[in-house]
Number of protein chains: 2
Amino acid sequence: MNVEDGGRAGLRERKKQETRIALSWAAVQLVVERGLENVRVEDIAAAAGVAPRTFNNYFSSKAEAIAARHLDRARLIAAELRRRPPSEPLWEALRHAVAARMALGVPPPTGAPDQQWVDGVRLMMSEPSLMGEFIKAEATAEAELAAAVADRTGIDLTRDLYPTLVAGAVGVAVRTAMQHWLRADPPVPFMPLVEYALDQLARGLPLP
Amino acid sequence: MNVEDGGRAGLRERKKQETRIALSWAAVQLVVERGLENVRVEDIAAAAGVAPRTFNNYFSSKAEAIAARHLDRARLIAAELRRRPPSEPLWEALRHAVAARMALGVPPPTGAPDQQWVDGVRLMMSEPSLMGEFIKAEATAEAELAAAVADRTGIDLTRDLYPTLVAGAVGVAVRTAMQHWLRADPPVPFMPLVEYALDQLARGLPLP
DNA sequence: CGCAAAGATGCGTGACGCGCAAATTTGCTT
DNA sequence: AAGCAAATTTGCGCGTCACGCATCTTTGCG
């Protein structure tokens, strides 16, 4: 049983993940190029090298396939939060967790977010039918983040709104920053926007 | 030209709204009773007294029809905020606006939210395919609220994140409160939950 | 080496979303 | 009051889609 390469699962599980990512990636690629209406599920399956029917074994719609990559990324915030030292103040840990999640889209040297990601996000913000899945993905990620916050603070999720509120606030900060960043005509750096948004929320949104 | 009856539009516009609401209401009714999978668009149209094809003149999916009532309600927050006196502090005005929106579900005498609304919200929170539309509706309402906040504060939506953050925070507060309220086993009153959530967010989410 | 489980594939079906054009209704003019 | 133009509803048809079911292939383990 191989436990090398950092991953935990066997070949079976790995191949599944590869197929999943291949499908999702192909979906984004094709739809960015041709537009949502001009890409059939069949095309995506073909681009990923699987049978059309297999597509629905992984995703139940085109939109879900496209949002999958976003979801994977958004999940990282919760995962990263759990990795931060427990002694660290909550909001500082959150800041780091968010930063870690964003860093994925930013190749170290250049500082410019990778085009793939930007295109994907732009796509999901423009097509209304994708927006639903996009936001649903973030809601899922927020639920996980709320659980992580609950664990870290020792507050029962079902007893107090606090963890959910914090997770929601982080979500709003990220979404809002992203939205403004995408539409900023003279492009502005992204991280400062998120930092600013998180800061405002952590301070209680006083009038600027 | 009649300007009576408070409404502004002619008979034509009014009938359209009636049909729209009839369709949306029928959709919620039927799906609550039979489950999403056991209701066809045809059934909804029949229940509303129109041809099946007409359904798609108003909504482009079952989910959208169901979320429509929720959307109409969520819009009220922005509308109500604009009605509040400009001298009122922002957060106080927001509190009132939210309260006004919630009051719709609570018949004055009893204080118990009407079943129709509760069923609808429960439905949208349970069926994943409805959740998308549900959240999308809230996103739309949040955009309107952000615009209202921008107008009230004189802050340009495109220049500063503030209005969007505030709108987002209100959305999170409402959603979170609603979610906890729905799953509270010994039922708890709703308004205090929202008040608490809004308060926490306005204070900057200090650890309770 | 071989078997049981998991996944991939092919096929068939019911429903959906929507474009198009004809029929009907509404609102305003003369 | 009559009638016309615009808006709306309706019927029809097409291309996709989501998914259940049965079958074939691959994987992992004894």
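Is Glu138(B) buried or exposed? In this predicted model, Glu138(B) is buried, since its relative accessible area is 6%, which lies under the 20% cut-off. The side chain of Glu138(B) nevertheless has a charged partner, for it meets that of Arg175(B) in a salt bridge with an N to O distance of 2.7 Å. This pair joins distant parts of the chain, with Glu138(B) in helix α7 of chain B and Arg175(B) in helix α8 (residues 162–183) of chain B, 37 residues apart.

Helix α7 (residues 128–153) of chain B also packs against helix α6 (residues 115–126) of chain B, at an angle of about 110 degrees and with the axes 5 Å apart, so that α6(B) is roughly perpendicular to α7(B). On the side of α6(B) the contact involves Leu123(B), Met124(B), Met125(B) and Ser126(B), while α7(B) contributes Pro128(B), Leu130(B), Met131(B) and Phe134(B). Sorted by class, the residues in this contact are seven nonpolar and one polar, with no charged ones.

Over all chains, a search of the whole structure finds 22 salt bridges. One of them is formed in chain B by Arg84(B) and Glu88(B), whose closest N and O atoms are 3.0 Å apart; here Glu88(B) is buried at 11% relative accessible area, whereas Arg84(B) is partly exposed at 22%.

In chain A, Asp151(A) and Arg82(A) meet through their side chains in a salt bridge of 2.8 Å, N to O, linking helix α7 (residues 128–153) to helix α4 (residues 62–83) across 69 residues. Asp151(A) is exposed, with a relative accessible area of 54%, and Arg82(A) is partly exposed at 48%. Elsewhere in chain A, a network of salt bridges links Arg34(A), Arg40(A) and Asp43(A).

Technical notes:
Residues are numbered from 1 along each chain as its sequence is written. Chains are lettered from A and ligands numbered from 1 in the order in which they are written. This is a predicted model: local features need pLDDT of at least 70, side-chain atom pairs count only at pLDDT 80 or more; totals for chains, interfaces and linings use all residues. Side-chain values use heavy atoms; hydrogens and water are left out. Axes are lines fitted to C-alpha atoms, for helices over the stretch in contact, and angles run from 0 to 180 degrees between N-to-C directions. Helices (H or I, at least four residues) and strands (E, at least two) are DSSP runs, numbered from the N terminus. Angles under 35 degrees count as roughly parallel, over 145 as roughly antiparallel, 65 to 115 as roughly perpendicular and the rest as oblique. Contact means heavy atoms within 4.5 Å. Ala, Val, Leu, Ile, Met, Phe, Trp, Tyr, Cys and Pro count as nonpolar, Asp, Glu, Lys and Arg as charged, and the others, Gly among them, as polar. A salt bridge is a side-chain nitrogen of Lys or Arg within 4 Å of a carboxyl oxygen of Asp or Glu. Buried means under 20% relative accessible area, exposed over 50%, partly exposed in between (1.4 Å probe, protein chains only).
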